[in-house]
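Student: I would like to understand where the labels come from, and not only what they are. Could we take them one at a time and set each value against its definition?

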Amino acid sequence: MAGGALLGEFGGKVLILSGDFDPRALVGVEPVPPAVEGGGEMNGKAGREEEEEEKKRAEIVLGRNVHTSCLAVTEPDAIDEFTGDKEAYMASMLARYRKTLMERTEHHLGYPFNLDFDYRALSQLQHFSINNIGDPFIESNYGVHSREFEVGVLDWFARLWGLEKDEYWGYITNGGTEGNLHGILVGREVHPNGILYASQESHYSVFKAARMYRMGCVKVATSLLGEIDCADFKAKLLVNKDKPAIVNVNIGTTVKGAVDDLDLVIKTLEECGFTPDRFYIHCDGALFGLMMPFVKRAPKVTFKKPIGSVSVSGHKFVGCPMPCGVQITRMEHINALSRNVEYLASRDATIMGSRNGHAPIFLWYTLNRKGYKGFQKEVQKCLRNAHYLKGRLQDAGIGAMLNELSSTVVFERPFDDEFVRRWQLACQGNIAHVVVMPNVTIEKLDYFLDELVEKRSKWFQETNVKPPCVEADIGSENCMCPLHK
């Protein structure tokens, strides 16, 4: 339809957006965290350039992905109770939506969600409003909760990361972002004047935390593979050595799946004169935090080392129908954050007040069914299939990279945005990635690869465009452009 875009349709009524509608005007660009003297990219000209780059990236993302259709909510007619027309309409819409979900699940590769789960046994609990409001370890006056399941899950993760029951505190979060917000908040409460250090490849929620808490934040450079550059980290620590350090360590970066060297980060802090009482380390293990313990050659993420907290997502590697996660910290730290709430007859130490009481039951159910051995098998399968995907991409002349401890395969960005949307690929600049999860089979990878190779030949035959050079993103040894092939 010329000059407008479809907004919604219901009962024969169609709403049209005006031709001069600018979706970017709806969302402002958030400010960057405050500058720290000598802290790197946030200052002066470099800071302004970074802010402009952030604005450009925001425009690109919003321009492509603004959702311009909706299913209207309408008031029931007086006769609906007798005719059943409204119920029939809603049933048909839900059936169509289920069909869409099945198709979208079939073509899902770019985001780290394990879609292979079966929770039909828990359907009997969906009629209850289960709310774990307050501290998991202190029962509230609200009795419809699942604290017993939650604490059982927390105990399992505490053992995984080397903490005894009386040494840790934690809770089931709404996902990895909340885990990062909580871990960094605990660090800030332990060190009120501390500076947050995070690599430029860190998840966006880390920098969101810096803005929310008005913390000084220093971005640290990374290697080509995406790991934190500890030489740059050391230089920036020394500039601000009079203030405590709150450090975000990535156990698998968002785009490249890179794992920061925790031992080297600790060594760098010590070399700069930071004793354990002057730093706090939060480990963002959203995906790989649960995979690494089951890789024999992987370095250990454990509280036997001087770290303050670890967070993982529950809906990623474990697999869950709703977003959730786990946050674990040391018992000694939580008192700096918690406050008693008489209204709840409990303690407030979490980010959210009301908390999903169903999520702990889903996690408990899967942990019991699979156990350590089950997860180990799934990790091995993911790593094996990731190497298969990388090999097939390179055999087809497509530049690709796979970090040693990762199941995230990075490759040159497909030329066609429609193909990107069809396979729900996550893209950044000239690269895209596939995250190989337990539900991703060899057959699914072959299906994707065959389609990619076929489409790719058409893209470059029908246009004058050449395959992008990804040397700057994944290294010349992984690039297959005409210059490096």
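Student: Why is Cys283 called buried or exposed?

Tutor: Buried means under 20% relative accessible area, exposed means over 50%, and partly exposed lies in between, with a 1.4 Å probe and protein chains only. Cys283 has a relative accessibility of 0%, and therefore it counts as buried. Cys217 also has a relative accessible area of 0%, so Cys217 is buried as well. Please keep in mind that this is a predicted model, in which local features need pLDDT of at least 70 and side-chain atom pairs count only at pLDDT 80 or more, while totals for chains, interfaces and linings use all residues. Residues are numbered from 1 along each chain as its sequence is written, and side-chain values use heavy atoms, with hydrogens and water left out.

Student: How many disulfides are there, and how do you know?

Tutor: A disulfide is a covalent bond between the sulfur atoms of two cysteines. The rule applied here asks for a pair of cysteine sulfur atoms within 2.5 Å, and by that rule the count is zero.

Student: What makes Lys296 buried or exposed?

Tutor: Its relative accessibility is 79%, which is over the 50% limit, and Lys296 therefore counts as exposed. Lys296 sits in the loop between β7 (279-284) and β8 (309-313), where helices and strands are DSSP runs numbered from the N terminus, helices being H or I with at least four residues and strands E with at least two. Although Lys296 and Gln376 are 80 residues apart along the chain, their C-alpha atoms are separated by 9.8 Å.

Student: And why is Leu405 called buried or exposed, when it also lies in a loop?

Tutor: Leu405 belongs to the loop between β12 (400-402) and β13 (408-412), but its relative accessible area is 15%, so Leu405 is buried. Contact means heavy atoms within 4.5 Å, and, leaving out residues up to four places away in sequence, Leu405 touches Val259, Phe288, Met292, Val295, Arg297, Ala298, Pro299 and Leu383. One of these, Ala298, is 107 residues from Leu405 in sequence, while the two are 6.9 Å apart in space, C-alpha to C-alpha.

Student: What is special about phi in Arg214 and Gln424, and which one is buried?

Tutor: Arg214 has phi near 55 degrees, a positive value in a residue other than glycine, and Gln424 has a positive phi of about 55 degrees although it is not a glycine either. Arg214 is in the loop between α6 (204-212) and β5 (217-220), whereas Gln424 is in the loop between α12 (417-422) and β14 (426-428). With 71% relative accessible area, Arg214 is exposed, but Gln424, at 19%, falls under the 20% limit and is therefore buried.

Student: Now the helices: how are α11 and α13 oriented to each other, and how do you know?

Tutor: Two packed helices are described by the angle between their axes and the distance between the axes. The axes are lines fitted to C-alpha atoms, for helices over the stretch in contact, and angles run from 0 to 180 degrees between N-to-C directions. For α11 (residues 358-395) and α13 (residues 442-462), the axes come within 11 Å and cross at roughly 20 degrees. Angles under 35 degrees count as roughly parallel, over 145 as roughly antiparallel, 65 to 115 as roughly perpendicular and the rest as oblique, and α11 and α13 are therefore roughly parallel to each other.

Student: What makes a crossing left-handed or right-handed, for example that of α11 and α13?

Tutor: A crossing is left-handed if the near helix is turned anticlockwise from the far one by less than a right angle, and right-handed if clockwise. The crossing of α11 and α13 is right-handed, while α4 passes α11 in a left-handed crossing.

Student: What else is known about how α4 meets α11?

Tutor: Helix α4 (residues 147-160) and α11 have axes that come within 8 Å and cross at roughly 30 degrees. Their contact has twelve nonpolar, no polar and two charged residues, where Ala, Val, Leu, Ile, Met, Phe, Trp, Tyr, Cys and Pro count as nonpolar, Asp, Glu, Lys and Arg as charged, and the others, Gly among them, as polar. Among the residues that meet are Phe149 and Trp156 in α4 and Trp364 and Phe375 in α11.
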